[in-house]
Amino acid sequence: MPPLRSARPQRPGFVRRWLDRLDPDTRYDARRVLTLICLLPLLLILARGAPALLQDPLIMSYGFTVLLGTITMFYLAYTRYDDPSQRPMRRRPKNLDSFPALPTTPRVSFLLAVKDEVECIENCVRSMATSDYPDLQVIVVDDLSEDGTQDVLRRLEEELGIRVICLEKNLGKKGALVRACEEADGDIIAMTDSDCFLAPDALSHCVRALVTHRELGAVSGHARALNADFSFWTKAQDVWFEGQFRVGKATESTWGTVTCVSGPLAVFRRDAIFNYLPAWANDRFMGAPFRFSTDRQLTGYVLGQKWKGQALKAKYADSPFVTERNYPERRWRIGYCYSAKVWTNAPPRFRPLMKQQIRWKKSFVRNLCFTGTFMWHMGVGPATLYYCHVLWVTAAPFMAFRHMIWAPMHGAAYLTVLYLCGIILKGCAYGLAFKIDNPGDSRWIYRPVMGLLSTLLLAWLLPYSVATIRRGVWSRSAT
């Protein structure tokens, strides 16, 4: 089946084309002025609310800090972020020579783990194999599929010259990818998900970022919904994805501290992850194997190996991934490539969306217990961003209860109105950013709706996810 309409590349808007023609210093000044003009209404609302914060900090502090954090993220994402595949990053370490350089055209091993995805696997594998990157090894591992996926892969193996490994025992997604790594010989190891479709140049953009920035141990691509036109749910998620990447990851990337190299396109230097693959495959949490957090946890091993690396390697000292070559622990940075486009199938209905969100929240909790132990080393900016995000996520269900249930019951319905207005205001700001980045796309209106859905409904899934964190199996199905 051909890729859906949302997989077509979009022409940049006039403003971006104009900015791209400017010299770096002028471009930065112009971006800063334009961003401040767009943020002026939010800044005025923040200034107007400051006296109320001083009068009643207990009630007003949550909304005030969320709005302040939103403004800060927009400012950094639209003034300080540069796509590392297109321009040098503004913040770079002073000790660049301590990071080994990659070859000009490094060998890339592109890996995929799949289980029971007969309907979409051919499109995904073809998009991998037809990448415009020249020195490419494609390895697909079938994790004991029972729906005909293996037959499709065998046919593609013969046609496209890829390597297909069919497991005789189910290993789970992480175990299957580690099995692929046993045969991967690339300087760079890239991964995608089985329900994704990649732009032909997506991998090349990520590799270029790693080659030109030797301090980067990994980069994330930019994901949108492949089936965005299917339903209300997929339209809302598509707009949501755009903001999470273009604003969230771009902000983290300004410091080189992207905390999740997302599964649709995750590209790593071999020397940044190779020694930690057995720890990743055998990750345990609360006394049980943890089969989620595939992307977040591996990202954490890259970002925090300076402080966690030796202990992780010592735990699996007999593994071939450690004994073959012991790479030194480095303070790698992690970036994000807006130009590396990939599309993923979003859950098209309510029930699979809930299942996906529960998986993601379990991954958030597990990763917090790992990444949260070292992010304070990263500096004031990255640490503040990370821990404030954690605070907002964990406080969200309590704030929803307080404003939507407790306040009306105690005669404070005005708090409910303020709360809902704040959610809609934030959603409209993200919607406007989507509109600017995607001229001609009318789906921006779904962003405020998704904000309400996330805050009033999805936030309640966090306590449930914590209570059931030891339960679950790997499944890519979004039906």
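**Notebook: the sheet and what lies around it**

I started with the sheet, which is open and has eight strands in the order β3-β2-β1-β4-β7-β6-β10-β5, with mixed pairing. Its edges are β3 (163-166) and β5 (196-198), each paired on one side only. From one strand to the next the twist averages 30°.

Before going on, I noted that this is a predicted model, where local features need pLDDT of at least 70, side-chain atom pairs count only at pLDDT 80 or more, and totals for chains, interfaces and linings use all residues. Residues are numbered from 1 along each chain as its sequence is written, and side-chain values use heavy atoms, with hydrogens and water left out.

I also wrote down my terms. Helices (H or I, at least four residues) and strands (E, at least two) are DSSP runs, numbered from the N terminus. Two strands pair if DSSP finds at least two bridges between them.

Next I looked at β4. How does it pair with β1? The two are parallel, over five bridges, and Leu111 has Met191 in β4 as its bridge partner. With β7 (residues 266-269), β4 runs antiparallel and shares four bridges; there Ile189 sits opposite Phe268.

Is β4 covered or open? Mostly covered: five of its five residues are buried (under 20% relative accessible area, with exposed over 50% and partly exposed in between; 1.4 Å probe, protein chains only). Ile188, Ala190 and Thr192 point one way, while Ile189 and Met191 point the other. I recalled that side chains in a regular strand alternate between the two faces of the sheet.

Then I followed β6 (residues 216-225), which runs parallel to β10 (residues 333-344) over eight bridges. Ala225 faces Thr344 in β10.

I checked two helices too. Helix α4 (residues 121-129) lies across β1 (108-114), β2 (136-142), β4 (188-192) and β5, at about 175° to β1 (axes are lines fitted to C-alpha atoms, for helices over the stretch in contact; angles run from 0 to 180 degrees between N-to-C directions). Helix α6 (residues 172-181) packs on the sheet and touches β1, β2, β3 and β4 (contact: heavy atoms within 4.5 Å). Its direction makes about 145° with that of β1.

Last, I turned to α17 (residues 446-456). Its buried residues are Tyr446, Arg447, Pro448, Met450, Gly451, Leu453 and Ser454. Their cover includes α8 (232-253), α14 (350-371) and α16 (413-437). In the loop between α17 and α18 (461-467) I found Trp460, which is partly exposed at 36% relative accessible area.
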